[in-house]
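User: I am new to this structure and would like a close look at a single part of it. Could you take me through that part slowly, and then set a second part beside it?

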Amino acid sequence: MKNKTTIFLVRHGQTEWNVLHKLQGHQDSPLTELGIKQAQWLGESLQNEPIDVIYSSSSPRARKTAEIIKGTREIDIYESDDLKEIHLGVWEGKRQDEVKGLSPDQFQNFWHDPAEFQVQHSETFKDVSNRALHQLHEMINMNQGRSILIVTHTVVVKLLMAYFENRPMKDIWNPPYIYPACLCKIELELNQSKILLHGDISHYKESPVLG
């Protein structure tokens, strides 16, 4: 029996709202042509890696990314609301510069003091951490000794990686930058975790674009 569990943790590919610097949260916008290519590049780089199961945020941008990475593999994709991006309440659908003008203090909190962030109808970072970690532990328990691909969003990636690193909430936005369709790889064995990749974009075939 294999004791090592491998997690491939991925952010979705670039979307139309990423290009416009609009905040998506639980809302959604389609992958751009570049976003589709980013997912294809990652899928190609993982083609020789054993992947036993795929979990995706239920947001269409993540599901589409998961389907592209899956390619022709015969693997089930399970959707989870617990892997969705942070709900940004009244900020959703607005541009970053717009919410910075409307809520300068909370914009500052979002990027520099995440534990204090909350706007009307939004989740807190702790809310997201709780649901994402609950889902993570469930996935690991159900897939001991297997390779798990998880496709999710920036805040969820940052919070899950902070868990593996034991990084405090106040430092979650420290590097590395989480580019679209970047890859984190974690191995779990005997209750120990080892981070092999964090925000890796070595599969990119074009220069990275922030977004």
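**A residue and its surroundings**

Analyst: Setting aside residues within four places of it in sequence, Asn 18 is in contact with Arg 11, His 12, Gly 13, Gln 24 and Gly 211, and this picture, like everything that follows, comes from a predicted model. Asn 18 belongs to helix α1, which covers residues 16–19, and its side chain reaches the backbone nitrogen of Thr 15 at 2.9 Å. Because its relative accessible area is 11%, Asn 18 counts as buried.

Trp 17 is also part of helix α1, and at 16% relative accessibility Trp 17 is buried. When residues up to four places away in sequence are not counted, Trp 17 touches Lys 22, Leu 23, Gln 24, Gln 27, Asp 28, Ser 29 and Gly 93. The C-alpha atoms of Trp 17 and Lys 94 are separated by 9.5 Å, although these residues are 77 apart along the chain.

The second part is helix α7, which has twelve residues, 154–165, and reaches 16 Å from its first C-alpha to its last, close to the 16 Å expected. Ten of those twelve residues are buried, so α7 is largely enclosed by the rest of the structure; among them are Val 155, Leu 159, Met 161 and Phe 164. The elements covering the buried residues of α7 include strands β1, β4, β5 and β6, together with helices α5 and α6. Just beyond the end of α7, Asn 166 takes a positive phi of about 60°.

Methods
Residues numbered from 1 in each chain as written. Predicted model: local features only at pLDDT ≥ 70, side-chain atom pairs only at ≥ 80, totals over all residues. Heavy atoms only, no water. Helix = DSSP H or I, 4+ residues; strand = E, 2+ residues; numbered from the N terminus. Buried < 20%, exposed > 50% of the residue type's maximum accessible area, 1.4 Å probe, protein only. Polar contact = N/O pair within 3.5 Å; in protein donor to acceptor, adjacent residues only side chain to side chain. Contact = heavy atoms within 4.5 Å. Expected span 1.5 Å × (residues − 1).
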